[in-house]
Amino acid sequence: MISLRDLRPVKVNDLVRIGKHNDGGYVISRSCLERTRLLVSAGISSDWSFEEEFVQRNPEAAVLSLDRSVSHAVFRAKSRSNAKHALASIATLSGRRAVTHYSAARFFARAAKRFERFFDGRTRHFVPKWLSNRVDDEHTTVDRLFTDYVDAIDQGKPLKIFVKLDIERSEYRTLPALSKHASRINGLVVEFHELDILWDKFREAIDCLANDFAIVHMHGNNHRGLIPDTGVPMVMETTFVNRRLLPQELPASRESYPIKGLDQPNDPTRDDIPLNFDG
């Protein structure tokens with residue numbers, strides 16, 4: 001049965017929203033933010049506002065981001081391509097199309113500059129690979145990520161890592177492996193996708209993390225809407241804190257979700273999705 005009945009977050013008093021307004025921002029625990037010395041984020045696309053604000057609030061944190069779909073070169077190529085299309089549209093007197101391509105060219109040119117400025121290779125690192133369950137030219141696994149990159153940056157210190165995953169269904173492949181490194185992870189925020197067809201995988205992932213991590217916040221992404229015949233969102237942003245950082249006994253939160261003044265709808269043109277943990 002698809003229900004949020006036994007997934008109500010526990011009560012914590014230090015939640016803060018990090019990242020830009022609407023889509024791209026996530027709610028996390030301030031104590032996790034302040035403790036972190038390495039932010040590992042998989043899946044950034046053209047929006048790394050979460051990573052930018054994370055290090056603004058915690059300048060001691062290094063960043064390690066992964067995404068095969070983007071890079072400085074990719075953004076520059078998209079900018080040049082759209083600029084060419086804009087000129088071609090002007091030549092054919094297609095004004096509206098020219099404006100669209102020109103706007104895209106400017107967007108990707110700015111993204112290329114921001115990308116190069118933020119991922120400096122000193123304290124903010126970028127790996128052009130997908131995080132998954134295999135190793136090849138385009139993919140790496142959690143274990144290889146720790147061996148090849150994390151260990152060099154983090155030096156094996158306990159509870160110094162925060163993880164953000166927005167990797168379009170690969171979260172189900174990677175969380176079991178990530179749970180093996182729980183002693184070094186103070187918290188996670190995970191965007192779970194396609195819950196309408198992957199609900200069992202979602203529950204398996206939650207159960208895999210349950211011994212080491214407690215859910216402290218959930219928010220439904222309103223881009224995809226609800227699973228048919230339920231009140232459960234198809235995409236769920238879920239925040240965890242390592243239980244070693246929490247009191248042994250924590251009451252369930254009695255907040256109404258989304259939390260007013262904290263949560264924001266991913267799509268600002270639609271109402272946010274209320275979550276029902278009692279039905």
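A disulfide is a pair of cysteine sulfur atoms within 2.5 Å. That cut-off is used in the second legend; the model shown in every view is predicted.

**View 1. Overall chain, with seven helices and 11 strands.** The C-alpha trace spans about 65 × 45 × 35 Å along its principal axes. The radius of gyration is 20 Å, which agrees with the value near 19 Å that a compact globule of 279 residues would have. Of the 279 residues, 53% are buried. Among contacts with a separation of 6 or more, 73% join residues 24 or more positions apart. The exposed area of the chain is about 13900 Å², and carbon and sulfur atoms supply 49% of this area. The chain carries 41 positive and 38 negative charges, and the mean positions of the two sets lie 6 Å apart.

**View 2. Cys208 and Cys32, whose sulfur atoms are 18 Å apart.** The closest cysteine sulfur to that of Cys208 belongs to Cys32, and the distance of 18 Å is too far for a bond. Seen from the other end, the sulfur of Cys32 has Cys208 as the residue with the closest cysteine sulfur. The structure holds zero disulfides. Cys208 counts as partly exposed because its relative accessibility is 27%. Cys32 has 0% relative accessibility and therefore counts as buried.

**View 3. Helix 6, residues 171-179, and the elements packed against it.** Seven of the nine residues of helix 6 are buried, so this helix is largely enclosed by the rest of the structure. The buried residues are Glu171, Tyr172, Thr174, Leu175, Ala177, Leu178 and Ser179. They pack against three strands and two helices: strand 6 (130-131), strand 8 (161-165), strand 9 (185-192), helix 5 (142-154) and helix 7 (195-210).

**View 4. Phe115 in helix 4, residues 95-118.** Phe115 counts as buried, because its relative accessibility is 6%, where buried means under 20%. Leaving aside residues up to four places away in sequence, Phe115 touches Ile44, Trp48, Ser71, His72, Phe75 and Phe126.

**View 5. Phe115 and Asp200, shown as a pair of C-alpha atoms.** Phe115 and Asp200 are 85 residues apart along the chain. Their C-alpha atoms are separated by 37 Å. Phe115 is the helix 4 residue of the preceding view.

Definitions and conventions:
Residues are numbered from 1 along each chain as its sequence is written. This is a predicted model: local features need pLDDT of at least 70, side-chain atom pairs count only at pLDDT 80 or more; totals for chains, interfaces and linings use all residues. Side-chain values use heavy atoms; hydrogens and water are left out. Helices (H or I, at least four residues) and strands (E, at least two) are DSSP runs, numbered from the N terminus. The radius of gyration is taken over C-alpha atoms; the globule rule is 2.2 Å times the number of residues to the power 0.38. Buried means under 20% relative accessible area, exposed over 50%, partly exposed in between (1.4 Å probe, protein chains only). Contact means heavy atoms within 4.5 Å. Accessible areas come from the Shrake-Rupley method with a 1.4 Å probe; for residues, only the protein chains shown count as cover. Lys and Arg count as positive and Asp and Glu as negative; His and the chain ends are not counted. The place of a charge is taken as NZ of Lys, CZ of Arg, CG of Asp or CD of Glu.
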